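Colleague: Before I use this model at the bench, I want the reasons behind its labels. Can you take me through them?

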Amino acid sequence: MSIRIDSHKCSGCGKCREVCPGSLLRATDSGRTDIREPKDCWGCTSCLKECSCNAITYYLGADMGGRGSLLHTRQEGNLLHWIVTEPNGREKTITVDKKQANAY
Ligand code: SF4
Ligand code: SF4
């Protein structure tokens, strides 16, 4: 499992770099972000939750039942949309209210 960062969408905010537990993400010379060793990513999805630019794509490999699907997020106020794009182009979305998710 791994992620890909679209440098054209990345604003360079650095939020993903702050939360990656493996310190895998680094600033580039252009002020954006890339991943040092994609194979070292263990798929915690912390970076996806932080990216408000829709710049990070996560590969849902066959070993996770994803069969090559791609996952990205979209933020809308307190809502966090988790969007899975299947190989055939079909999308499925799960929406989480971040305030409710943290209430217990
Ligand atoms: S998914 Fe987790 S381990 Fe992988 S790059 Fe993002 S924050 Fe780091
Ligand atoms: S959180 Fe998104 S926009 Fe911000 S540095 Fe990371 S990839 Fe770029």
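**Strands, turns, cavities**

Modeller: Start with one pair of residues: H81 has T95 in β7 as its bridge partner. Keep in mind that this is a predicted model.

Colleague: How do you know that β6 and β7 pair?

Modeller: Count the bridges. At least two are needed before two strands are said to pair. Strand β7, residues 91-97, shares seven with β6, in the antiparallel sense. Seven meets the cut-off, so they pair.

Colleague: What joins β6 and β7, and which glycine in the turn has a positive phi?

Modeller: They form a hairpin with five residues between the strands. In the turn, G89 has a positive phi of about 95 degrees.

Colleague: How do you know that β5 and β6 pair?

Modeller: By the same test. Residues 69-76 make β5 and residues 79-85 make β6; seven antiparallel bridges link them. The partner of L71 is V84 in β6, and H72 stands opposite I83. This hairpin has two residues between its strands, and G77 there takes a positive phi near 65 degrees.

Colleague: What makes β4 a partner of β5?

Modeller: Three bridges join β4, residues 56-60, to β5, and the two run antiparallel. The test asks for at least two, so three is enough. Y59 and L70 face each other across this pair.

Colleague: Why is the phi of S23 worth flagging?

Modeller: Most residues other than glycine have a negative phi. S23 is not a glycine, yet its phi is positive, about 50 degrees. S23 is in the loop between α1 (15-19) and β2 (25-27). T45 is another case: its phi is near 70 degrees. T45 lies in the loop between β3 and α2.

Colleague: Why is T45 called buried and S23 partly exposed?

Modeller: Compare each value with the limits. Buried means under 20% relative accessible area, and exposed means over 50%. T45 has 15%, so it is buried. S23 has 47%, between the limits, so it is partly exposed.

Colleague: What about D40: where does it lie, and why is it called partly exposed?

Modeller: D40 is in the loop between β3 (33-35) and α2 (46-50). Its relative accessible area is 37%, again between the limits, so the label is partly exposed. D40 and S2 are 38 residues apart in sequence, while their C-alpha atoms are 7.8 Å apart in space.

Colleague: How many cavities did the search find?

Modeller: Two of 30 Å³ or more, in the whole structure. Rolling a probe the size of a water molecule over the atoms shows where empty space is left. The largest cavity holds about 120 Å³, and the second largest about 90 Å³.

Colleague: How do you know that ligand 1 sits in the largest cavity?

Modeller: A molecule sits in a cavity if more than half of its atoms lie within 2 Å of the cavity's grid points. Ligand 1 passes that test for the largest cavity. The lining there has 14 residues, with C20, L24, C41, C44 and C47 nearest the centre.

Colleague: What makes the shell around ligand 1 mostly nonpolar?

Modeller: The class count: eight nonpolar, three polar and no charged residues. Among the shell residues are C20, C41, C44 and C47. Cys counts as nonpolar, so these four fall in that class. G43 is also in the shell, and Gly counts as polar.

Colleague: Which cavity does ligand 2 take, and which residues lie nearest its centre?

Modeller: Ligand 2 takes the second largest cavity. C10, C13, C16, C51 and A55 are nearest the centre, out of 14 lining residues. The shell around ligand 2 includes I5, C10, C13, C53 and I56.

Colleague: How do the classes divide in the shell of ligand 2 and in the lining of its cavity?

Modeller: The shell has seven nonpolar, four polar and no charged residues. The lining of the second largest cavity has eight nonpolar, four polar and two charged. For the largest cavity, the lining has 12 nonpolar, two polar and no charged residues.

Terms used
Residues are numbered from 1 along each chain as its sequence is written. Chains are lettered from A and ligands numbered from 1 in the order in which they are written. This is a predicted model: local features need pLDDT of at least 70, side-chain atom pairs count only at pLDDT 80 or more; totals for chains, interfaces and linings use all residues. Side-chain values use heavy atoms; hydrogens and water are left out. Helices (H or I, at least four residues) and strands (E, at least two) are DSSP runs, numbered from the N terminus. A residue is near a molecule or strand if one of its heavy atoms lies within 4 Å of it. On a 1 Å grid over the protein atoms alone, a cavity is a set of points where a 1.4 Å probe fits but cannot get out, and a pocket is an open set with protein on both sides within 12 Å along at least five of seven lines; lining residues have an atom within 4 Å of a point. Grid points are joined across faces, edges and corners, and a volume is the space filled by probe spheres set on the points. Buried means under 20% relative accessible area, exposed over 50%, partly exposed in between (1.4 Å probe, protein chains only).
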